[in-house]
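Let's walk through this protein together, from an enclosed space to the sheets and helices. Keep the viewer open as you read.

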Amino acid sequence: MEQPKPRFVISASEAESMAQPSAIAKLLPSLVSSAQSLARPPISNFPVAAVGVGASGRIFVGVNVEFPGLPFHHTIHAEQFLVTNMSIHAETRLDSFAVSAAPCGHCRQFLQEIRDATDIQLLVTSHTNPRFAPLSDFLSHHFGPHDLLPKSVPLLLEPRHNALSLPIPENTNNNLPSANLKLAALEAANNSHAPYSASPSGVALLDSKGNVYKGSYIESAAYNPSLGPLQAAVVAFVAGGGGEYEEIVAAVLVEKEGAVIKQEHTVRLLLHSIAPHCHFKAFLATTSSQSDPPHST
């Protein structure tokens, strides 16, 4: 059977039609090779793809994305892309995934933010005898949310609302695209998984065709594997069919006022590198109704 053109989301009904009965997980490894063509690794030239299935039966793809001119820690790993793609599409659980190369320690740690992460089934297609095995086989002595958070706290992929709001500006100019972008960034900030620093944030991007892409900051219990809000928005841009980064014409960051983790300078740095002509604004979200104009332009 000829494989369809690779894409970042496959509906549950289509996934079922592509697989043998009760064999969705077995379909995943067959999709990895073609999904690697979606990666953007201009530095390493080493494309990585991860293909996973969620509780809904939908199939999601993640790929590595690298940014020339910036330090490596800005890179988006394929497994991070996969989970962020699932979050953007309101998928609540990752059941299993296949990946083209063994996940690095960074990604094994990042995946711990999902509830019952140790039970996620993982297959590495490049292994001599690939087979599904639990994530616990890849990170047996794990550190994660269970070490730092009460069990009642929502984890990654679980619904949450961070109760952030933006003050109503005194002067409104009926700039609908700008207002919509600001609201999209606020929504992303309210969906942000930031239980360790209590510093939620979100970014919304506008491209030259009028499309809006939003991404939420995602924290890791180990701190370093955390994914910034702009990287998450780039995931939405790439997965949503975005082309060259120069197509991004406007961006808005919303972050919590007084937060111990601040994203503005990092977002500026990355935006300046990938879309230097992009118009950028940052806003501070509060729980009050007082007006607060943008603190940067």
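Which residues lie nearest the centre of the largest cavity? They are Pro-6, Arg-7, Ile-10, Leu-31 and Ser-34, among the 11 residues that line it. A cavity here is a set of points on a 1 Å grid over the protein atoms alone where a 1.4 Å probe fits but cannot get out, and lining residues have an atom within 4 Å of a point. Rolling a probe the size of a water molecule over the atoms shows where empty space is left. The count comes to 1 cavity of 30 Å³ or more, and about 80 Å³ of space lies in the largest cavity; grid points are joined across faces, edges and corners, and a volume is the space filled by probe spheres set on the points. The lining divides into 8 nonpolar, 1 polar and 2 charged residues (nonpolar: Ala, Val, Leu, Ile, Met, Phe, Trp, Tyr, Cys and Pro; charged: Asp, Glu, Lys and Arg; polar: the others, Gly among them). Helix 2 gives the largest share of that lining, with 3 residues.

A word on the model itself. It is predicted, so local features need pLDDT (the predictor's confidence in each residue, from 0 to 100) of at least 70 and side-chain atom pairs count only at pLDDT 80 or more, while totals for chains, interfaces and linings use all residues. Residues are numbered from 1 along each chain as its sequence is written, and side-chain values use heavy atoms, with hydrogens and water left out. The protein averages a pLDDT of 92, and 91% of the residues score at least 70.

Now to the sheets. Helices (H or I, at least four residues) and strands (E, at least two) are DSSP runs, numbered from the N terminus, and two strands pair if DSSP finds at least two bridges between them. In one open sheet, 6 strands follow the order 1-3-2-4-5-6 with mixed pairing. Strand 1 (9-10) and strand 6 (133-134) stand at its edges with a single partner strand each, so one side of each has no neighbour in the sheet. Helix 2 (residues 24-35) packs on this sheet, touching strands 1, 2, 3, 4 and 5, where contact means heavy atoms within 4.5 Å.

Another open sheet has 4 strands in the order 8-7-9-10, again with mixed pairing. Strand 8 (212-216) and strand 10 (279-285) are its edge strands. Strand 7 (residues 201-207) and strand 9 (residues 248-256) run antiparallel, joined by 7 bridges, and Val-203 stands opposite Leu-253 in strand 9.

Conventions: Axes are lines fitted to C-alpha atoms, for helices over the stretch in contact, and angles run from 0 to 180 degrees between N-to-C directions. On a 1 Å grid over the protein atoms alone, a cavity is a set of points where a 1.4 Å probe fits but cannot get out, and a pocket is an open set with protein on both sides within 12 Å along at least five of seven lines; lining residues have an atom within 4 Å of a point.
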